[in-house]
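Thank you all for coming; I would like to walk you through one structure this morning, beginning with the surroundings of its ligand and then turning to some details of the backbone.

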Amino acid sequence: MEHAQPYSAMDIQKKRKKLTETPKTEIITTADGSSSLYLPQWDETYHSRHGAIQEAYHVFIKNGLDNVCKNHPKAKTLHILEMGFGTGLNALVTMLESEKHAQRLSYVAVEAFPVSAAIANQLNYGQQLAQPLAALSFQKIHDSSWNEKHPLNPTFSLQKLQMYFEDVDFEAHFHLIYFDAFAARVQPELWTEVIFEKMYKTLKPGGVLVTYAAKGDVRRAMQKVGFQTEKLPGPPGKREMLRATKTQP
Ligand SMILES: C[S@@+](CC[C@H](N)C(=O)[O-])C[C@H]1O[C@@H](n2cnc3c(N)ncnc32)[C@H](O)[C@@H]1O
C-alpha cells in the first residue's frame, strides 16, 4: 500500500517497537547453496531465497562497490555504510573484494539486533565462497567487538555499530550505502522519506545507495529527498533493483 504522507518521526518511534529484540530465526539454504536466516514471525528472510551469495555480489558488489570504485579513482579510502549488518555476508564479500582493489575500504555497519555467535557459526559462507580467506575473514568479522573500529586487513577496516537505523546521523561522509533492511512489506517505516533523507545527508556528493528493492513507492520516496534513481536488472529471481545517486551537495 502506498502512503499518502511520509511517516513522521513520532510514527517511526511507535513503529520501531515492532522489533525490540533479536527475532527468532531458523537457518535455511538458498538456491545457490548459501545459508540465510528465516523469521517465521514475519515470513521474511535475511536474503533472497534465490541465492544469498548471488544477491550480495549482484546488488552490493557489482552495482555498488564496483561502480563507486570506478567513479572515485582518486579517493585513497572509500567509505561504505551498511544498513543492516545481519549475518555479516555483505561485509564478508566486501572484505574479500578489498583484496582486489587498490583503494582502502572503511566499512561501517549498522545493526540493532545482532545475530548470536551460535547462529553465525552455523552459516556456510566460508565454505560456499570457496576462497582461501573466506572462512577466516568471516570469523574475524564476527569476532570484532561492537562499536570499535578494527583494521581486519591492510585494505579493509570494520566498525559494527549497534544502533537503530532511525538514529543514524552522519554528514557527507560515505561514498556508498548498502541499504539492506527487511522488505517494506514487513518494515515499511524503514523505506520512507524520513529515512532516505538521512541517507542522502550521510552520502558525499556523487555518492550512491544501492538496494535490492525496486518498488515504485520506495523509488518515489528516494526521488522526493533529492536522489536520482536508476532501475537496474535485479539478481536471480528479481526483475529489478535500485541505485540512487546524490547528485547535489
Ligand atoms: C535483511 S537483514 C540484513 C541482511 C544483512 N545485510 C546480511 O548480509 O546478512 C535486515 C537487518 O536489519 C536489522 N534491523 C531491523 N530493524 C532495524 C532497525 N530499526 N535498526 C537497525 N537494524 C534493524 C535486522 O536485525 C536485520 O539484521
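When I sort residues by character, Ala, Val, Leu, Ile, Met, Phe, Trp, Tyr, Cys and Pro count as nonpolar, Asp, Glu, Lys and Arg as charged, and the others, Gly among them, as polar. Please keep in mind that this is a predicted model, in which local features need pLDDT of at least 70 and side-chain atom pairs count only at pLDDT 80 or more, while totals for chains, interfaces and linings use all residues. Residues are numbered from 1 along each chain as its sequence is written.

By that sorting, the shell around the ligand divides into 10 nonpolar, 5 polar and 4 charged residues. Of these 19 residues, Gly84, Gly86, Thr87, Leu89 and Ala112 come nearest to the ligand, where being near a molecule requires a C-beta atom, placed from the backbone, within 6 Å of it. Helix 3 (89-98) and strand 5 (104-111) are the elements that give two or more residues to this shell; helices (H or I, at least four residues) and strands (E, at least two) are DSSP runs, numbered from the N terminus.

Now to the backbone. Aspartate 43, in the loop between strand 2 (35-39) and strand 3 (44-45), has a positive phi near 50° although it is a residue other than glycine. Asparagine 147, not a glycine either, has a positive phi of about 75°, and its place is in the loop between helix 6 (134-143) and strand 6 (149-153).

Finally, strand 10 and strand 11 form a hairpin with 6 residues between them, and glycine 237 in the turn has a positive phi of about 90°.

Methods:
Two strands pair if DSSP finds at least two bridges between them.
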